[in-house]
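Hi,

Here is the model I promised to pass on. Have a look at it first, and then read my notes below.

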Amino acid sequence: MATDLTMSEVLSVLTGLSLHYPGAKHTPDTLDEVARDMLADMARANVSAKDFREAVAEARRGSEFFPNVAQILTAHRRLCETSRPADGQLSLPHRTEPISQTMQRVFARSRELREKQGLLPFDAFKAAMAEVGPNAKRQTA
């Protein structure tokens, strides 16, 4: 999935961030390298430009030193978990397992339902998604 975060956005945010941490002694060249790596990491985590700005601000508020990628991603996850849809847009929850593992469980349950209950493929898949899919209601013990 593509993100709207750009190199110039990351560099701009990190340049502003560096003003809060003069002890980090980042030069334009080092900030460029940090921004390049951070852009790749944020793209891998599918962080939008808006979410990146918010996560950097959140990390800055809680860090005595220039925040690293892990701290910014942790701040992003924390913001996603506590965010409420104020602007009418829903944010996706932080996924605890890869979707491929979830779908393997769905397909296995779907096969089981077809074999044991004689359900048609679509009906079995629909039932399996409701039971073990990514949006299934989880029972907590």
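**What I found**

Going along the sequence, the protein chain reads α-α-α-α-α-α, so to speak an inventory of 6 helices and 0 strands. Do keep in mind that this is a predicted model. Of the 141 residues in the chain, 26% are buried. The accessible surface is about 9,900 Å², and carbon and sulfur atoms hold 55% of that. Among contacts with a separation of 6 or more, 56% link residues 24 or more positions apart.

Now the cores. The largest nonpolar core has 21 residues, and the members touching the most others are Leu5, Val10, Leu14, Met38, Met42, Phe52 and Ile72. Two or more residues each come from α1 (7-20), α2 (28-44), α3 (49-61) and α4 (69-82). Take Met38: beyond its neighbours within four places in sequence, Met38 contacts Val10, Leu14, Phe52, Val69 and Ile72. There is also a second, separate core of 6 residues, with Met103, Leu113, Ala128 and Val132 among them.

Helix α6 is worth a look too. Its 12 residues (121-132) should span 16 Å at 1.5 Å a residue, and the end C-alpha atoms are indeed 16 Å apart. Which residues of α6 are buried? They are Ala124, Ala128 and Val132, and because they cover an arc of only 35° around the axis, they sit on the same side of α6. That fits the general rule: an α-helix has 3.6 residues a turn, so residues three or four places apart point the same way. The cover over the buried residues of α6 includes α5 (99-117), while the face turned away from them carries the exposed Phe122, Lys126 and Ala130.

Cheers

Methods:
Residues numbered from 1 in each chain as written. Predicted model: local features only at pLDDT ≥ 70, side-chain atom pairs only at ≥ 80, totals over all residues. Heavy atoms only, no water. Helix = DSSP H or I, 4+ residues; strand = E, 2+ residues; numbered from the N terminus. Buried < 20%, exposed > 50% of the residue type's maximum accessible area, 1.4 Å probe, protein only. Contact = heavy atoms within 4.5 Å. Areas by Shrake-Rupley, 256 points an atom, 1.4 Å probe, with all protein chains shown as cover. Core = buried A, V, L, I, M, F, W, Y, C linked by side-chain atoms within 4.5 Å. Expected span 1.5 Å × (residues − 1). Arc of directions from axis to C-beta.
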